[in-house]
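Thanks for coming. I will go through one chain today, starting with its annotated regions and ending with some backbone details.

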Amino acid sequence: MGIRNVGIVGAGTMGSGIAQVCAAAGFRVTLLDVSAEAVSKGVETVSRNLERLVVKEKLAAGDKATILERVSPTTSNGDLAASDLVIEAATENETLKQRILRDIDAIVSPTAIIATNTSSISVTRLAAVTGRAPQFIGMHFFNPVPVMALVELIRGLQTSDETLATARGFVEALGKTAVVARNSPGFAVNRILCPMINEAIFALHEGLASAEEIDAGMMLGCNHPIGPLALADLIGLDTMLSVMEVFYDGFKDPKYRPAPLLKEMVDAGFLGRKSGRGFFNYA
Ligand code: NAD
(Lines give C-alpha, C1' and ligand atoms only; values in the text may rest on other atoms or scores of the structure.)
Protein backbone atom coordinates (compact mmCIF):
# COMPACT_ATOMS: atom_id res chain seq x y z
CA MET A 1 0.00 0.00 0.00
CA GLY A 2 1.09 3.61 -0.50
CA ILE A 3 1.74 5.73 2.58
CA ARG A 4 0.95 9.44 2.49
CA ASN A 5 -0.53 10.26 5.89
CA VAL A 6 1.33 9.27 9.02
CA GLY A 7 -0.19 9.43 12.50
CA ILE A 8 2.18 9.60 15.46
CA VAL A 9 0.93 8.90 18.98
CA GLY A 10 3.13 10.50 21.64
CA ALA A 11 4.92 13.81 21.02
CA GLY A 12 7.81 13.29 23.45
CA THR A 13 11.50 12.74 22.71
CA MET A 14 10.86 10.10 20.03
CA GLY A 15 7.46 11.14 18.67
CA SER A 16 8.64 14.69 17.93
CA GLY A 17 11.78 13.37 16.20
CA ILE A 18 9.76 10.89 14.13
CA ALA A 19 7.33 13.69 13.21
CA GLN A 20 10.24 15.82 12.03
CA VAL A 21 11.81 13.20 9.75
CA CYS A 22 8.42 12.16 8.31
CA ALA A 23 7.44 15.77 7.54
CA ALA A 24 10.89 16.52 6.11
CA ALA A 25 10.47 13.51 3.77
CA GLY A 26 7.16 14.94 2.50
CA PHE A 27 4.63 12.90 4.50
CA ARG A 28 1.62 14.59 6.10
CA VAL A 29 1.86 14.07 9.85
CA THR A 30 -0.82 14.06 12.55
CA LEU A 31 0.96 14.34 15.90
CA LEU A 32 -1.11 13.35 18.93
CA ASP A 33 -0.50 13.57 22.66
CA VAL A 34 -2.66 13.59 25.79
CA SER A 35 -2.69 17.35 26.36
CA ALA A 36 -2.40 20.48 24.23
CA GLU A 37 0.65 21.35 26.30
CA ALA A 38 2.42 18.04 25.54
CA VAL A 39 1.67 18.20 21.83
CA SER A 40 2.78 21.82 21.47
CA LYS A 41 5.98 20.97 23.32
CA GLY A 42 6.58 18.33 20.63
CA VAL A 43 5.91 20.78 17.79
CA GLU A 44 8.21 23.34 19.46
CA THR A 45 10.97 20.71 19.55
CA VAL A 46 10.53 20.11 15.81
CA SER A 47 10.58 23.86 15.16
CA ARG A 48 13.72 24.35 17.30
CA ASN A 49 15.55 21.47 15.58
CA LEU A 50 14.66 22.82 12.13
CA GLU A 51 15.75 26.33 13.17
CA ARG A 52 19.13 24.92 14.15
CA LEU A 53 19.47 23.51 10.62
CA VAL A 54 18.49 26.90 9.14
CA VAL A 55 21.19 28.63 11.24
CA LYS A 56 23.74 26.06 10.05
CA GLU A 57 22.58 26.76 6.47
CA LYS A 58 21.59 23.10 6.03
CA LEU A 59 17.93 24.07 5.45
CA ALA A 60 16.28 27.08 3.77
CA ALA A 61 13.99 29.15 6.02
CA GLY A 62 11.13 28.58 3.53
CA ASP A 63 11.61 24.81 3.77
CA LYS A 64 11.37 25.00 7.55
CA ALA A 65 7.92 26.57 7.20
CA THR A 66 6.85 23.99 4.60
CA ILE A 67 7.94 21.09 6.84
CA LEU A 68 6.18 22.56 9.89
CA GLU A 69 2.97 23.06 7.89
CA ARG A 70 2.89 19.32 7.23
CA VAL A 71 2.61 18.62 10.97
CA SER A 72 -0.93 18.82 12.41
CA PRO A 73 -0.97 18.72 16.21
CA THR A 74 -3.99 17.16 17.92
CA THR A 75 -5.26 15.66 21.17
CA SER A 76 -8.17 13.88 19.49
CA ASN A 77 -7.86 10.23 18.42
CA GLY A 78 -10.43 10.81 15.68
CA ASP A 79 -7.91 12.94 13.76
CA LEU A 80 -5.87 9.77 13.12
CA ALA A 81 -8.66 8.32 10.93
CA ALA A 82 -7.04 9.21 7.58
CA SER A 83 -3.63 7.75 8.52
CA ASP A 84 -2.15 5.08 6.24
CA LEU A 85 0.41 4.32 8.95
CA VAL A 86 0.21 5.09 12.66
CA ILE A 87 3.41 4.96 14.70
CA GLU A 88 2.80 4.56 18.42
CA ALA A 89 5.58 6.38 20.34
CA ALA A 90 3.97 6.83 23.77
CA THR A 91 5.46 6.09 27.19
CA GLU A 92 7.10 2.65 27.56
CA ASN A 93 4.29 0.94 29.47
CA GLU A 94 2.61 -2.17 28.13
CA THR A 95 -0.87 -1.59 29.57
CA LEU A 96 -0.87 1.98 28.26
CA LYS A 97 0.33 0.89 24.83
CA GLN A 98 -2.32 -1.84 24.64
CA ARG A 99 -5.05 0.69 25.36
CA ILE A 100 -3.68 3.13 22.77
CA LEU A 101 -3.32 0.39 20.13
CA ARG A 102 -6.89 -0.84 20.64
CA ASP A 103 -8.11 2.76 20.20
CA ILE A 104 -6.05 3.28 17.02
CA ASP A 105 -7.19 -0.07 15.61
CA ALA A 106 -10.82 1.01 16.00
CA ILE A 107 -10.26 4.34 14.22
CA VAL A 108 -7.98 3.82 11.20
CA SER A 109 -8.97 2.17 7.90
CA PRO A 110 -8.74 -1.63 7.66
CA THR A 111 -5.82 -1.32 5.23
CA ALA A 112 -3.70 0.93 7.47
CA ILE A 113 -0.53 -0.36 9.12
CA ILE A 114 0.07 0.15 12.83
CA ALA A 115 3.64 0.28 14.10
CA THR A 116 5.09 0.59 17.59
CA ASN A 117 8.32 2.34 18.48
CA THR A 118 8.64 0.31 21.70
CA SER A 119 12.23 -0.27 22.86
CA SER A 120 11.58 -3.63 24.43
CA ILE A 121 7.97 -4.81 24.72
CA SER A 122 6.89 -7.89 22.74
CA VAL A 123 5.68 -6.87 19.28
CA THR A 124 3.82 -10.20 19.04
CA ARG A 125 1.90 -9.44 22.24
CA LEU A 126 1.12 -5.84 21.23
CA ALA A 127 -0.01 -7.02 17.76
CA ALA A 128 -2.40 -9.46 19.40
CA VAL A 129 -4.52 -6.71 21.00
CA THR A 130 -5.33 -5.31 17.54
CA GLY A 131 -7.66 -6.85 15.00
CA ARG A 132 -4.94 -6.54 12.35
CA ALA A 133 -1.95 -8.47 13.67
CA PRO A 134 -0.55 -9.19 10.14
CA GLN A 135 -0.49 -5.38 9.56
CA PHE A 136 1.35 -4.68 12.79
CA ILE A 137 5.12 -4.24 13.08
CA GLY A 138 7.81 -2.89 15.38
CA MET A 139 9.41 0.24 13.91
CA HIS A 140 12.17 1.12 16.34
CA PHE A 141 13.77 4.51 15.71
CA PHE A 142 16.95 5.64 17.46
CA ASN A 143 17.55 8.79 19.45
CA PRO A 144 18.01 11.54 18.28
CA VAL A 145 15.76 10.48 15.40
CA PRO A 146 16.79 13.21 12.92
CA VAL A 147 20.45 12.21 13.33
CA MET A 148 20.47 8.42 13.64
CA ALA A 149 20.53 6.43 10.40
CA LEU A 150 19.03 3.18 11.70
CA VAL A 151 15.47 1.94 12.08
CA GLU A 152 15.14 -1.58 13.46
CA LEU A 153 12.08 -3.36 12.04
CA ILE A 154 10.71 -6.08 14.30
CA ARG A 155 8.54 -8.84 12.98
CA GLY A 156 5.98 -10.13 15.39
CA LEU A 157 5.08 -13.77 14.84
CA GLN A 158 2.00 -12.58 12.91
CA THR A 159 3.58 -9.76 10.81
CA SER A 160 3.02 -10.35 7.07
CA ASP A 161 5.74 -10.18 4.40
CA GLU A 162 3.76 -7.38 2.74
CA THR A 163 3.74 -5.27 5.93
CA LEU A 164 7.48 -5.78 6.34
CA ALA A 165 8.09 -4.75 2.70
CA THR A 166 5.91 -1.62 3.07
CA ALA A 167 7.63 -0.68 6.33
CA ARG A 168 11.05 -1.13 4.74
CA GLY A 169 10.05 1.10 1.81
CA PHE A 170 8.78 3.74 4.24
CA VAL A 171 12.03 3.68 6.26
CA GLU A 172 14.03 4.08 3.04
CA ALA A 173 11.80 7.00 1.98
CA LEU A 174 12.85 8.68 5.25
CA GLY A 175 16.47 8.31 4.09
CA LYS A 176 17.21 5.72 6.79
CA THR A 177 18.46 2.14 6.75
CA ALA A 178 16.37 -0.74 8.10
CA VAL A 179 17.68 -3.83 9.84
CA VAL A 180 15.19 -6.60 10.56
CA ALA A 181 15.14 -8.41 13.90
CA ARG A 182 13.01 -11.20 15.31
CA ASN A 183 10.71 -10.39 18.21
CA SER A 184 12.46 -10.93 21.56
CA PRO A 185 12.90 -8.61 24.58
CA GLY A 186 14.94 -5.61 23.40
CA PHE A 187 15.18 -7.07 19.86
CA ALA A 188 18.80 -6.98 18.61
CA VAL A 189 20.31 -3.54 19.25
CA ASN A 190 18.94 -2.79 22.75
CA ARG A 191 19.61 -6.38 23.84
CA ILE A 192 23.29 -5.52 23.46
CA LEU A 193 23.26 -1.80 24.29
CA CYS A 194 21.08 -1.59 27.44
CA PRO A 195 22.88 -4.24 29.55
CA MET A 196 26.12 -2.36 28.73
CA ILE A 197 24.62 0.92 30.01
CA ASN A 198 23.17 -0.88 33.07
CA GLU A 199 26.65 -2.27 33.82
CA ALA A 200 28.11 1.26 33.61
CA ILE A 201 25.57 2.32 36.27
CA PHE A 202 26.64 -0.63 38.49
CA ALA A 203 30.27 0.45 38.01
CA LEU A 204 29.42 4.02 39.04
CA HIS A 205 27.45 2.81 42.07
CA GLU A 206 30.32 0.54 43.15
CA GLY A 207 32.68 3.52 42.97
CA LEU A 208 34.92 1.94 40.31
CA ALA A 209 35.28 5.33 38.63
CA SER A 210 33.47 8.67 38.41
CA ALA A 211 30.73 9.26 35.83
CA GLU A 212 33.15 11.41 33.81
CA GLU A 213 35.84 8.72 33.91
CA ILE A 214 33.47 5.88 32.96
CA ASP A 215 32.24 7.86 29.96
CA ALA A 216 35.74 9.01 28.93
CA GLY A 217 36.94 5.40 29.25
CA MET A 218 34.30 4.06 26.88
CA MET A 219 34.73 6.93 24.41
CA LEU A 220 38.52 6.91 24.27
CA GLY A 221 39.06 3.21 24.92
CA CYS A 222 36.23 1.72 22.87
CA ASN A 223 35.71 4.50 20.33
CA HIS A 224 32.08 5.07 21.38
CA PRO A 225 30.90 8.50 20.21
CA ILE A 226 29.11 9.10 23.55
CA GLY A 227 29.69 7.55 26.99
CA PRO A 228 27.16 5.06 28.40
CA LEU A 229 26.02 7.37 31.24
CA ALA A 230 25.52 10.37 28.94
CA LEU A 231 23.65 8.02 26.59
CA ALA A 232 21.42 6.88 29.48
CA ASP A 233 20.65 10.56 30.18
CA LEU A 234 19.79 11.03 26.51
CA ILE A 235 17.55 7.95 26.38
CA GLY A 236 15.80 8.92 29.65
CA LEU A 237 16.43 7.01 32.87
CA ASP A 238 12.75 6.06 33.23
CA THR A 239 12.84 4.51 29.74
CA MET A 240 16.13 2.74 30.56
CA LEU A 241 14.60 1.29 33.75
CA SER A 242 11.50 0.07 31.89
CA VAL A 243 13.68 -1.64 29.28
CA MET A 244 15.80 -3.43 31.91
CA GLU A 245 12.61 -4.52 33.74
CA VAL A 246 11.27 -6.00 30.50
CA PHE A 247 14.55 -7.95 30.05
CA TYR A 248 14.51 -9.13 33.66
CA ASP A 249 10.87 -10.26 33.47
CA GLY A 250 11.20 -11.67 29.95
CA PHE A 251 14.32 -13.79 30.40
CA LYS A 252 14.00 -14.48 34.16
CA ASP A 253 17.79 -14.16 34.28
CA PRO A 254 19.44 -12.13 37.11
CA LYS A 255 22.09 -10.82 34.72
CA TYR A 256 19.45 -8.35 33.51
CA ARG A 257 18.50 -6.93 36.95
CA PRO A 258 18.25 -3.12 36.80
CA ALA A 259 21.08 -1.37 38.68
CA PRO A 260 19.75 -0.17 42.08
CA LEU A 261 21.16 3.31 41.39
CA LEU A 262 19.10 3.48 38.18
CA LYS A 263 15.94 2.78 40.21
CA GLU A 264 16.89 5.37 42.81
CA MET A 265 17.58 8.04 40.19
CA VAL A 266 14.12 7.45 38.70
CA ASP A 267 12.53 7.58 42.20
CA ALA A 268 14.23 10.95 42.69
CA GLY A 269 12.85 12.27 39.41
CA PHE A 270 16.35 12.50 37.90
CA LEU A 271 15.38 11.26 34.45
CA GLY A 272 18.32 12.61 32.42
CA ARG A 273 18.21 15.41 29.87
CA LYS A 274 14.43 15.69 29.80
CA SER A 275 14.29 16.58 33.53
CA GLY A 276 17.52 18.65 33.52
CA ARG A 277 19.42 16.19 35.71
CA GLY A 278 20.60 12.61 35.36
CA PHE A 279 24.13 11.29 35.76
CA PHE A 280 25.14 14.74 34.50
CA ASN A 281 23.55 18.17 34.92
CA TYR A 282 21.76 19.93 32.04
CA ALA A 283 20.42 22.98 33.87
P1 NAD B 1 8.78 10.51 26.38
O2 NAD B 1 8.49 10.36 27.82
O3 NAD B 1 9.74 11.56 25.94
O4 NAD B 1 7.43 10.74 25.55
C5 NAD B 1 6.29 9.93 25.69
C6 NAD B 1 5.08 10.75 25.31
O7 NAD B 1 3.93 9.88 25.26
C8 NAD B 1 4.77 11.88 26.31
O9 NAD B 1 4.70 13.11 25.63
C10 NAD B 1 3.41 11.45 26.87
O11 NAD B 1 2.58 12.56 27.21
C12 NAD B 1 2.85 10.66 25.70
N13 NAD B 1 1.71 9.82 26.06
C14 NAD B 1 1.51 9.12 27.21
N15 NAD B 1 0.29 8.52 27.16
C16 NAD B 1 -0.27 8.85 25.98
C17 NAD B 1 -1.51 8.56 25.36
N18 NAD B 1 -2.44 7.80 25.97
N19 NAD B 1 -1.77 9.07 24.14
C20 NAD B 1 -0.85 9.86 23.53
N21 NAD B 1 0.35 10.17 24.06
C22 NAD B 1 0.64 9.67 25.28
O23 NAD B 1 9.26 9.05 25.89
P24 NAD B 1 10.13 8.70 24.59
O25 NAD B 1 11.56 8.63 24.98
O26 NAD B 1 9.71 9.56 23.45
O27 NAD B 1 9.67 7.19 24.34
C28 NAD B 1 8.51 6.87 23.61
C29 NAD B 1 8.62 5.44 23.12
O30 NAD B 1 9.76 5.33 22.27
C31 NAD B 1 8.80 4.41 24.22
O32 NAD B 1 8.14 3.23 23.86
C33 NAD B 1 10.29 4.20 24.25
O34 NAD B 1 10.66 2.96 24.77
C35 NAD B 1 10.60 4.29 22.77
N36 NAD B 1 11.99 4.62 22.43
C37 NAD B 1 12.68 5.55 23.16
C38 NAD B 1 13.99 5.87 22.79
C39 NAD B 1 14.77 6.90 23.55
O40 NAD B 1 16.00 6.96 23.38
N41 NAD B 1 14.14 7.73 24.36
C42 NAD B 1 14.59 5.23 21.69
C43 NAD B 1 13.83 4.30 20.94
C44 NAD B 1 12.53 4.00 21.33
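Before the first annotation, a definition: UniProt positions are given here in the numbering used for this chain, feature names are shortened, and an annotation may be inferred rather than shown by experiment. Keep in mind also that this is a predicted model.

With that said, the UniProt record places a feature called "domain: 3-hydroxyacyl-CoA dehydrogenase NAD binding" at residues 5-183, and the entry is unreviewed. In the model, residues 5-183 are 41% helix and 22% strand. The C-alpha atoms at the two ends of that span are 27 Å apart.

The record has another feature, "domain: 3-hydroxyacyl-CoA dehydrogenase C-terminal", listed for residues 186-282, again from an unreviewed entry. That span is 62% helix and 0% strand, and its end C-alpha atoms lie 28 Å apart.

Now the sheet. In what order do the eight strands of the open sheet lie? Reading across, the order is β3-β2-β1-β4-β5-β6-β7-β8, and the pairing is mixed. The edges are held by β3, residues 71-74, and β8, residues 177-182. Each of these has a single partner strand, so one side of each has no neighbour in the sheet. From one strand to the next, the twist averages 25°.

Let me walk through some of the pairs. Strand β1, residues 5-9, runs parallel to β2, and five bridges join them. One pair to look for is Val9, whose bridge partner in β2 is Leu32. Strand β2 itself, residues 28-32, is mostly covered, with four of its five residues buried.

β1 also pairs with β4, in the parallel sense, over four bridges. Here Ile8 stands opposite Ile87 of β4. Strand β4 covers residues 85-88, and its side chains alternate: Leu85 and Ile87 point one way, Val86 and Glu88 the other. Are those residues buried or exposed? All of them are buried, Glu88 included.

Moving on across the sheet, β4 pairs with β5, residues 113-116, in the parallel sense and over four bridges. In this pair, Glu88 stands opposite Thr116 of β5.

The pairing of β6, residues 136-141, with β7, residues 150-155, is antiparallel, over four bridges. Met139 has Leu153 as its bridge partner in β7. The loop between β6 and β7 contains Pro144. What kind of peptide bond joins Asn143 and Pro144? The bond is cis, with omega at about 0°.

Next, two helices from the other annotated region. Helix α9, residues 228-235, and helix α10, residues 237-251, have axes that come within 6 Å and cross at roughly 100°. Angles of 65 to 115 degrees count as roughly perpendicular, so α9 is roughly perpendicular to α10. On the α9 side, the contact is made by Ala232, Asp233 and Ile235; on the α10 side, by Leu237, Thr239 and Met240. By type, these contact residues divide into four nonpolar, one polar and one charged.

Two of the residues just named come up again with Arg273. Arg273 is found in the segment after α11, which is residues 260-267. Leaving aside residues up to four places away in sequence, Arg273 touches Asp233, Leu234 and Tyr282. Arg273 and Leu237 are 36 residues apart in sequence, and their C-alpha atoms are 9.1 Å apart in space. How much of Arg273 is accessible? Its relative accessible area is 44%, so it is partly exposed; that label applies between the 20% limit for buried and the 50% limit for exposed.

Last, two backbone details in loops. Asn223 lies in the loop between α8, residues 211-222, and α9. Its phi is positive, about 65°, although Asn223 is not a glycine. At 69% relative accessibility, Asn223 counts as exposed.

Lys252 lies in the loop between α10 and α11. Lys252 is not a glycine either, and it has a positive phi of about 50°. Its relative accessibility is 67%, so Lys252 counts as exposed.

To recap: the sheet is open and has eight strands, while residues 186-282 are 62% helix with 0% strand. When you go back to the structure, a place to begin is the loop with Pro144, between β6 and β7. That is all I have.

Key:
Residues are numbered from 1 along each chain as its sequence is written. This is a predicted model: local features need pLDDT of at least 70, side-chain atom pairs count only at pLDDT 80 or more; totals for chains, interfaces and linings use all residues. Side-chain values use heavy atoms; hydrogens and water are left out. Axes are lines fitted to C-alpha atoms, for helices over the stretch in contact, and angles run from 0 to 180 degrees between N-to-C directions. Angles under 35 degrees count as roughly parallel, over 145 as roughly antiparallel, 65 to 115 as roughly perpendicular and the rest as oblique. Contact means heavy atoms within 4.5 Å. Ala, Val, Leu, Ile, Met, Phe, Trp, Tyr, Cys and Pro count as nonpolar, Asp, Glu, Lys and Arg as charged, and the others, Gly among them, as polar. Two strands pair if DSSP finds at least two bridges between them. Buried means under 20% relative accessible area, exposed over 50%, partly exposed in between (1.4 Å probe, protein chains only).
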